[in-house]
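Subject: Structure handover and notes

Dear colleague,

I am passing on the structure we spoke about, with the sequence alongside. My notes follow below it.

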Amino acid sequence: MLDNWGDHMKNIFNYLPEEAEIGVGLAIKKDDHYIFFIAGDRHNCFEGELFYAGVGGHLEKEETLIECGQREAKEEIGIIPEIISSYKTQYISKDGNIKEIKIKNNIKPYAIYEMIHPDRTPKAGNVYHIIIYKAKLKETPKNLKKDEVRGIIALTKEQVIQGKKQKMKLGKLKDEGAKIITGAENIDNETKLYPIGTAKALAEIFLLNER
């Protein structure tokens with residue numbers, strides 16, 4: 001457990017409503033690509049489609065945000081990437097508005113994102129606050145939870161943005177610079193991929209910052 005647990009959380013929590021549903025997402029980079037996991041078998045996707053998402057998950061009781069990101073990474077991809085402080089933090093509302101906020105924590109998040117639980121999920125329509133941290137991939141993911149994670153894909157910034165606009169075929173992504181880091185051997189190149197959670201948040205942040 002990190003020192004000063006209350007102080008670590010308090011400043012960030014000032015920006016969140018009481019009883020907010022909170023999770024941590026990692027915006028992991030390897031060189032000039034962004035790292036995402038492709039949905040495993042347990043996830044409910046339409047035939048011929050799979051979502052991709054950032055590593056992360058729900059914050060547990062008495063757990064710091066950093067600990068949550070590290071735990072989720074270890075559980076989902078078998079390694080703990082280096083979490084990096086951001087020089088600024090942006091808040092993206094469910095309506096697509098973006099503003100910079102002041103965070104005092106030593107390790108500052110990259111963004112706070114109001115995600116709407118997608119259709120066909122138990123909490124469809126509800127807001128889920130994702131605290132997104134920058135991170136760096138230092139080693140190849142391993143021991144993937146196959147029901148959770150089918151494979152790891154690395155997308156360029158342009159492809160991250162494009163994912164917000166339309167579903168993309170895996171084969172086309174690879175032809176245009178995406179890389180399979182590990183797994184995904186049995187995914188057909190005609191499979192359409194689309195972003196949720198941290199992946200979708202990054203696409204929106206990149207687009208909003210280009211305005």
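I begin with a residue from one of the salt bridges: Glu190 has a relative accessibility of 48% and therefore counts as partly exposed. Please keep in mind throughout that this is a predicted model, and that the values below were computed from it.

Salt bridges

The partner of Glu190 is Lys169, and the closest N and O atoms of this salt bridge are 2.9 Å apart. The pair connects distant parts of the chain, since Lys169 belongs to strand β11 (residues 168-169) while Glu190 sits in the loop between β12 and β13, 21 residues apart. Lys169, like its partner, falls into the partly exposed class, because its relative accessibility is 36%.

A set of salt bridges with shared partners joins Glu60, Glu63, Arg71, Glu72 and Glu75 into one network. Within this network, Arg71 meets Glu72 through their side chains, with an N to O distance of 3.2 Å, and both Arg71 and Glu72 are buried. Arg71 also forms a salt bridge with Glu75, where the closest N and O atoms are 3.5 Å apart. Both Arg71 and Glu75 lie in helix α2 (residues 65-77), where a separation of four residues corresponds to about one turn of the helix. The two ends of that bridge are not equally covered: Arg71 is at 17% relative accessibility and so counts as buried, whereas Glu75, at 35%, counts as partly exposed. In total, the count for the model comes to 11 salt bridges.

Strand β1 and its partners

Strand β1 (residues 22-30) is mostly covered, with seven of its nine residues buried. Which strands does β1 pair with? Strand β9 (residues 127-136) runs parallel to β1 and is joined to it by eight bridges. Strand β4 (residues 55-58) pairs with β1 in the antiparallel sense, over four bridges, and strand β2 (residues 33-39) is also antiparallel to β1, over three bridges.

If you would like a place to start looking, Gly23 may be convenient, as Gly23 stands opposite Ile130 in β9 and also opposite His58 in β4. On the β2 side, Lys29 has Tyr34 as its bridge partner. The strands β1 and β2 form a hairpin with two residues between them, and Asp31, which is in the turn, has a positive phi of about 60 degrees.

Backbone angles to look at

As background to the next two residues, most residues other than glycine have a negative phi. Asn143, although it is not a glycine, has a positive phi of about 50 degrees. Asn143 is located in the loop between β9 and β10 (149-156), and with a relative accessibility of 65% it counts as exposed. Ala184 is another residue other than glycine with a positive phi, in this case near 65 degrees, and its place is the loop between β12 (179-183) and β13 (192-195). Is Ala184 buried or exposed? With a relative accessible area of 9%, Ala184 is buried.

Helix α5 and its contact with α3

Helix α5 (residues 197-209) has 13 residues, and its expected span, at 1.5 Å a residue, is 18 Å; the C-alpha atoms at its ends are 18 Å apart, which agrees. Of the 13 residues of α5, 10 are buried, so the helix is largely enclosed by the rest of the structure. Those buried residues are Gly197, Thr198, Ala199, Ala201, Leu202, Ala203, Glu204, Ile205, Phe206 and Leu208.

One of the elements that α5 meets is helix α3 (residues 157-165), and the axes of the two come within 8 Å and cross at roughly 100 degrees. Since angles from 65 to 115 degrees count as roughly perpendicular, α3 and α5 are therefore described as roughly perpendicular to each other. On the α3 side the residues in contact are Lys157, Val160, Ile161, Lys164 and Lys165, and on the α5 side they are Ala199, Lys200, Leu202, Ala203, Glu204, Phe206 and Leu207.

With best regards

Conventions:
Residues are numbered from 1 along each chain as its sequence is written. This is a predicted model: local features need pLDDT of at least 70, side-chain atom pairs count only at pLDDT 80 or more; totals for chains, interfaces and linings use all residues. Side-chain values use heavy atoms; hydrogens and water are left out. Buried means under 20% relative accessible area, exposed over 50%, partly exposed in between (1.4 Å probe, protein chains only). Two strands pair if DSSP finds at least two bridges between them. The expected span of a helix is 1.5 Å times one less than its number of residues. A salt bridge is a side-chain nitrogen of Lys or Arg within 4 Å of a carboxyl oxygen of Asp or Glu. Axes are lines fitted to C-alpha atoms, for helices over the stretch in contact, and angles run from 0 to 180 degrees between N-to-C directions. Angles under 35 degrees count as roughly parallel, over 145 as roughly antiparallel, 65 to 115 as roughly perpendicular and the rest as oblique. Contact means heavy atoms within 4.5 Å.
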